[in-house]
Amino acid sequence: MPLTIARLMKTPILKEARLVAGYDGINRMADSVNMMDAPDIVEWIRPQQILITTLYSVKDDRSVLNTLIPQLAERGCAALGIKPQRYLERVPAELYDQANQWGLPIIELPQQLPLGIISHEITRALLRRDDVDWNDDTQEKVFLEMTDIALRGHQGWEMVAQHLSQLWHASVGLLDNTRAIRAVAARGINNALFEMVAQQLRDRASYVRDGSPQGLVASGETAEGYPVIREGVWYGEIILVRRRKPLGMALSAAIHAIALLRAKQYWSMQQLYVQQRQWIEGMTREGSLTPVSTLTSPFRLDRVLFKGPYGAMVVHVQTGPGFQRMGNHWNQRVSLLDETAQWLQVFLTQKGWGLILASDDDELVGIASPGSKSMEGDDFSWNYRQLEEASQALWAHFHVKVSFHLGRLYPSASHLPLSLQEAREVAKTLTNHVINVYQARSLQALLRQIAPEDRARFVTEVFGPLLTLSEPERAVLLETMDIFFENQNQASEAAKALYVHRNTVLYRIRKLEDLLHRSLSDAEDLLTVRVALLFLKELDLREGAPRHDMH
């Protein structure tokens, strides 16, 4: 576990050591020791490592000595421990000046101890650091205090941060599993500086899930980051700045407390989730909006969806290799769909959306008012960029793949059942796209969704007498009708296309009207005949009605 250089200087092995330069870096973090005298010494150093050396291999190379401190500092070296007078009679003054300039501590090591023993004892100090100043009574007291704070009231995050700040004499920040800062207890520095240092640590650490702590020196402040992991589930992170006291059992107690806070947050969300799911189920099953006031546990719809526009979505969820749970280890029965729904609600709500999602069979169904919208007149559009961000985050952090199928947005919530129908229609089309949006379809495309047997029955009902005619006569009348419709029911234009007289076309149309008992000047009859003709072109009616040739 990392330890500041200041605290390392108080360990028994370094009691007789002296800090001779780089005092501003006294709070640099160290997590390991490297003992080396190779010429290419810098290339083997990693961040937060203490380098102890005699400088034997480079003592006569002024070019190496002149660049040693800047290069070590740039590589994140915690401190340089030098054993002088063995091979190097005097450390060059330039090294001290550069160490002070870069804030890299130079420690003059005890002459009587071999480097191997010094390295071993420093490593032991790093490994045993959390045992210092903690006894059984203290550990139990801290654990009970942290548990009580987490379970008490609505200020849990803030109170836990304040308590940890007092225990560790440090500025403390608590991050949740979305890496959002939930509480800050600044000690000795202002909030703005703390957040700047914390942001640099977050940028460097990214999503650390293996339990490894992170550390850096930023803006002259030493920062530590400890992932909050319990039973293999990643809950968030604790960030410390200027810690003066050992972690001890308080770290375990803090992780326990944060897990309790997340559990409280989770069950509160679960209660709201059940209420919202009940409401969505009414819409999906009955195709209409159920008044929220009629639910067994009403919730404020206007506080969830805010102002319009409103739209519905269907979300498909899949897992990839390395899939991880999203922080619900206390209830393993929660399905992947429910976990994803709750994660998306938190993520998009933080970006200004109003969103309700619920699982429905093997998919998620949701309604939304996408906060930042573009609007021109009555034209609303979804915020595709934020949906893309949600998809990318789920994949990057949990290896969960989602695709969004969106209905149109409407100015009134009363249109949500229609938007949901559109979203379900889009969801039937299998694509590799993350975002799939409903597009208004042509009448012909919609009619093709009718089952073939129903189309055939419709053709027979409308064209029955016509289909009993001989093939030559039937073909002439069908061709005339088709050309007549193509020319917007203009007999003169149809006659030109058929190379016949206008009166011939009118005669054939009257004969068709008599056979079908319909008037082509009546709007409803005209629509019925045109739809039947469209179906006839696409169907092969072999039962008593051979297929005719039509262009």
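This report covers two sheets, a helix pair, a set of salt bridges and one loop glycine in a predicted model.

## The sheet S2-S7-S6-S5-S4

Five strands make up this open sheet. Their order is S2-S7-S6-S5-S4, and the pairing is mixed. The edge positions go to strand S2 (18-21) and strand S4 (32-35). Each has a single partner strand, so one side of each is left without a neighbour in the sheet. From one strand to the next, the twist averages 30 degrees.

At the S2 edge, the partner is strand S7 (residues 106-108). The two strands pair in the antiparallel sense over three bridges. Arginine 18 has glutamate 108 in S7 as its bridge partner.

A helix also meets this sheet. H3 lies across S2, strand S6 (79-82) and S7. H3 runs at about 90 degrees to S2.

## The H2/H3 helix pair

Two packed helices are described by the angle between their axes and the distance between the axes. Helix H2 (residues 62-74) packs with helix H3 (residues 93-102) at an angle of about 15 degrees. Their axes are 10 Å apart. H2 and H3 are therefore roughly parallel to each other. The crossing of H2 past H3 is right-handed.

Which residues make the contact between H2 and H3? From H2 come Arg62, Leu65, Asn66, Ile69, Pro70, Ala73 and Glu74. From H3 come Glu94, Leu95, Gln98, Ala99 and Trp102.

## A loop glycine

Glycine 188 sits in the loop between strand S9 (181-185) and helix H7 (191-205). Is glycine 188 buried or exposed? Its relative accessible area is 67%, so glycine 188 counts as exposed. Along the chain, glycine 188 and arginine 242 are 54 residues apart. Their C-alpha atoms are separated by 8.5 Å.

## The sheet S14-S15-S13-S18-S19

This open sheet also has five strands. The order is S14-S15-S13-S18-S19, with mixed pairing. Strand S14 (354-360) and strand S19 (435-437) stand at the edges. Each has a single partner strand, so one side of each lacks a neighbour in the sheet. Direction ignored, neighbouring strands are turned by 25 degrees against each other on average.

Strands of a sheet pair through backbone hydrogen bonds, either parallel or antiparallel. Strand S13 (residues 311-319) and strand S18 (residues 400-406) take the antiparallel sense, over seven bridges. Within this pair, methionine 313 stands opposite leucine 406 in S18.

Two helices meet the sheet. Helix H10 (residues 336-349) lies across S13, S14, strand S15 (363-369) and S18. Its direction is at about 175 degrees to S14. Helix H12 (residues 416-427) packs on the sheet as well, touching S13, S14, S15, S18 and S19. The direction of H12 makes about 35 degrees with that of S13.

## Salt bridges

How many salt bridges does the model hold? The count comes to 11. The table lists three of these, each with its closest N to O distance.

| Salt bridge | N to O distance |
|---|---|
| Arginine 385 and glutamate 389 | 2.7 Å |
| Aspartate 454 and arginine 457 | 2.7 Å |
| Arginine 474 and glutamate 471 | 2.3 Å |

Arginine 385 and glutamate 389 both belong to helix H11 (residues 384-398). They lie four residues apart, about one turn of the helix. Arginine 385 is exposed, because its relative accessibility is 51% and the exposed class begins over 50%. Glutamate 389, at 26%, counts as partly exposed.

Aspartate 454 and arginine 457 both lie in helix H14 (residues 452-467). The spacing is three residues, about one turn of the helix. Aspartate 454 is partly exposed at 35% relative accessibility. Arginine 457 is partly exposed too, at 45%.

The third pair is in helix H15 (residues 471-486). Arginine 474 and glutamate 471 are three residues apart there, so about one helical turn separates them. Is arginine 474 buried or exposed? At 3% relative accessibility, arginine 474 counts as buried. Its partner, glutamate 471, is partly exposed at 33%.

Shared partners also link bridges together. Salt bridges of this kind join Lys351, Arg385 and Glu389 into one network.

Terms used: Residues are numbered from 1 along each chain as its sequence is written. This is a predicted model: local features need pLDDT of at least 70, side-chain atom pairs count only at pLDDT 80 or more; totals for chains, interfaces and linings use all residues. Side-chain values use heavy atoms; hydrogens and water are left out. Two strands pair if DSSP finds at least two bridges between them. Axes are lines fitted to C-alpha atoms, for helices over the stretch in contact, and angles run from 0 to 180 degrees between N-to-C directions. Contact means heavy atoms within 4.5 Å. A salt bridge is a side-chain nitrogen of Lys or Arg within 4 Å of a carboxyl oxygen of Asp or Glu. Buried means under 20% relative accessible area, exposed over 50%, partly exposed in between (1.4 Å probe, protein chains only). Angles under 35 degrees count as roughly parallel, over 145 as roughly antiparallel, 65 to 115 as roughly perpendicular and the rest as oblique. A crossing is left-handed if the near helix is turned anticlockwise from the far one by less than a right angle, and right-handed if clockwise.
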